[in-house]
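The following note is offered to a colleague who has the model at hand. It is arranged as numbered points, each on one part of the fold.

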Amino acid sequence: MTHWTAPASQGPIRATVRLPGSKSLSARALHLAAIASGPSRLHGVLDSRDTRLFAAGLEALGAVLSPVGRDPLSVTPLDGEREGSASIDCGLAGTVMRFLPPLAALSAAPARFDGDSAARERPLAPLLAALEDLGARISFEGAPGRLPFTIRGPLRVPECGWVEVDAGESSQFLSALLLTVPLLDAPLEVRAPGRLVSAPHIEMTVAALVRRGCRIERIAAEPHSAWRVEPGRPAPLDEVIEPDLSNAGPFLAAAMVCGGEVRIPDWPEATTQAGDAWRRILTAMGARCEREGAGLVLRGPEADALTGIDIDMSDIGELAPSLAAICACAKTPSRLRGIAHLRGHETDRLKALASGLRAAGARVVEHDDGLEIAPGPLKPAAHRAWGDHRMATFAAILGLRAPGTTLDDVAATSKTLPDFPELWRACVSSGRSA
């Protein structure tokens, strides 16, 4: 495998970066369009490996979609009982392995789920246990609660009228249920006891349901969170997908680390995306963030003015890899807390981040739920992506300050940023004329 050499800083950044659609919003829009009461049209759907696998999974379950990458993308929903077995390739996509099993279990016909070798290590047990409580029958080929497995339904509302799911490891377990239970034939109370992680993603799911006319109400808050969902298919929509604000992180990081400014067009004024937190986080570290027209402009701090941060990231853990790289370039130490759930992502992100930061010259203390980062002079290192798109962009940010930094698999970024190498090269090289 040919390693990718990360471009080093050429001077203060002067870049405009137009981001593709949000992966999280694309998945929810596709899912709800596939169960809607009529055809939908979706504009700006992310064209990436994860989204293509998600679309292929929906087609295996009976929906009809125009090819991902065509804009707008049309979706004709599932119609009636599925006949025959289905086989769904999850790749390494959490949305596929978590959002689609409940949808598959609406039918008595079997559906087999499998994915990349690393996908067999990702946690699924809380979701699958909840589906069994709703009547699903699941046959595991290996470890219980893991891929590969075959699931069949039909799902039903239990006599008690409620189902419980532990969403402490992933908000996707809860979102997966909320997205599908409107198709059941009676109201259902979905309970999620304990602390929730990545709460903005749950809010995103609820907002997507409400926008399509579904009746869903939060009836209890933490530590005994619960939602009541009424039966009824979501309405079809002609919808525009917002740009992926989490993916703004590496490009905003370039201005933080190199100085200068980065513009992100079409930054929404109001959003449920976790990535909107970049504005307050980076402002606290020395940046200036301002809306200009329909976009956002971040102006990086002056030389030696980038400060560290102590932050609870339990709601916004997906931002941690980019933020960790920024912290390694700061002048004061940082503490990232509340992100134990990152150990169950594409890789154990906390372990991988600690290893990568140490290799680059930072001093790191790895805790059960986070990292303490003491910056030091950065040095080039040979980084691994671990098949994880966010670990790949983490290495790219470190490379700005450490010429000669390499990465074994820049193609991992195709999960959410198919054109990342070219976008990054253009962003970094914009410093040459600054």
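1. Leaving aside its neighbours within four places in sequence, with which residues is Ser322 in contact? In this predicted model, the residues in question are Gly249, Pro250, Trp278, Thr393 and Ile397. Ser322 has its place in helix H9. Its relative accessible area is 6%, and because the limit for a buried residue is under 20%, Ser322 counts as buried.

2. Helix H9 comprises residues 320–328 and lies across three strands, namely E18, E19 (334–337) and E21. Its direction makes about 170° with that of E19. A further helix, H10 (residues 349–359), lies across E20 and E21 and runs at about 165° to E20.

3. The strands just named belong to an open sheet of four strands with mixed pairing, in the order E18-E19-E21-E20. Strands E18 (310–312) and E20 (363–367) are at the edges; each has a single partner strand, so one side of each lacks a neighbour in the sheet. From one strand to the next, the twist averages 10°. Within this sheet, E20 pairs with E21 (residues 370–374) in the antiparallel sense, over five bridges. Val364 has Ile373 of E21 as its bridge partner.

4. A second open sheet, also described by mixed pairing, is formed by four strands in the order E2-E15-E17-E16. Which strands stand at its edges? They are E2 (13–16) and E16 (288–292), and since each has a single partner strand, one side of each is left without a neighbour in the sheet. Direction ignored, neighbouring strands of this sheet are turned by 15° against each other on average. E16 and E17 (residues 295–299) run antiparallel and are joined by five bridges; Leu296 in E17 is the bridge partner of Arg291. Helix H7 (residues 249–258) packs on this sheet and touches E2, E15 (260–264) and E17. The direction of H7 makes about 170° with that of E15. Two of the contacts of Ser322 listed in point 1, Gly249 and Pro250, fall within the residue range of H7.

5. Strand E11 (residues 188–193) merits separate attention. Its side chains alternate along the strand. Leu188, Val190 and Ala192 point to one face and are buried, whereas Glu189, Arg191 and Pro193 point to the other face and are not buried.

6. On which strands does E11 pair? With E10 (residues 162–164), the pairing is parallel and extends over three bridges, and Trp162 stands opposite Glu189 in E11. With E13 (residues 224–229), E11 runs antiparallel and is joined by six bridges; the bridge partner of Pro193 in E13 is His224. E10, helix H5 (residues 171–180) and E11 together make a β-α-β unit, which is right-handed.

7. How many disulfides does the structure hold? The number is zero. A disulfide is a covalent bond between the sulfur atoms of two cysteines. As to individual cysteines, Cys160 is partly exposed, with a relative accessible area of 46%, while Cys214 is buried, with a relative accessible area of 8%.

Terms used: Residues are numbered from 1 along each chain as its sequence is written. This is a predicted model: local features need pLDDT of at least 70, side-chain atom pairs count only at pLDDT 80 or more; totals for chains, interfaces and linings use all residues. Side-chain values use heavy atoms; hydrogens and water are left out. Two strands pair if DSSP finds at least two bridges between them. Helices (H or I, at least four residues) and strands (E, at least two) are DSSP runs, numbered from the N terminus. Axes are lines fitted to C-alpha atoms, for helices over the stretch in contact, and angles run from 0 to 180 degrees between N-to-C directions. Contact means heavy atoms within 4.5 Å. A disulfide is a pair of cysteine sulfur atoms within 2.5 Å. Buried means under 20% relative accessible area, exposed over 50%, partly exposed in between (1.4 Å probe, protein chains only). A crossover is right-handed if, with the strands pointing away from the viewer, the path from the first strand over the helix to the second runs clockwise.
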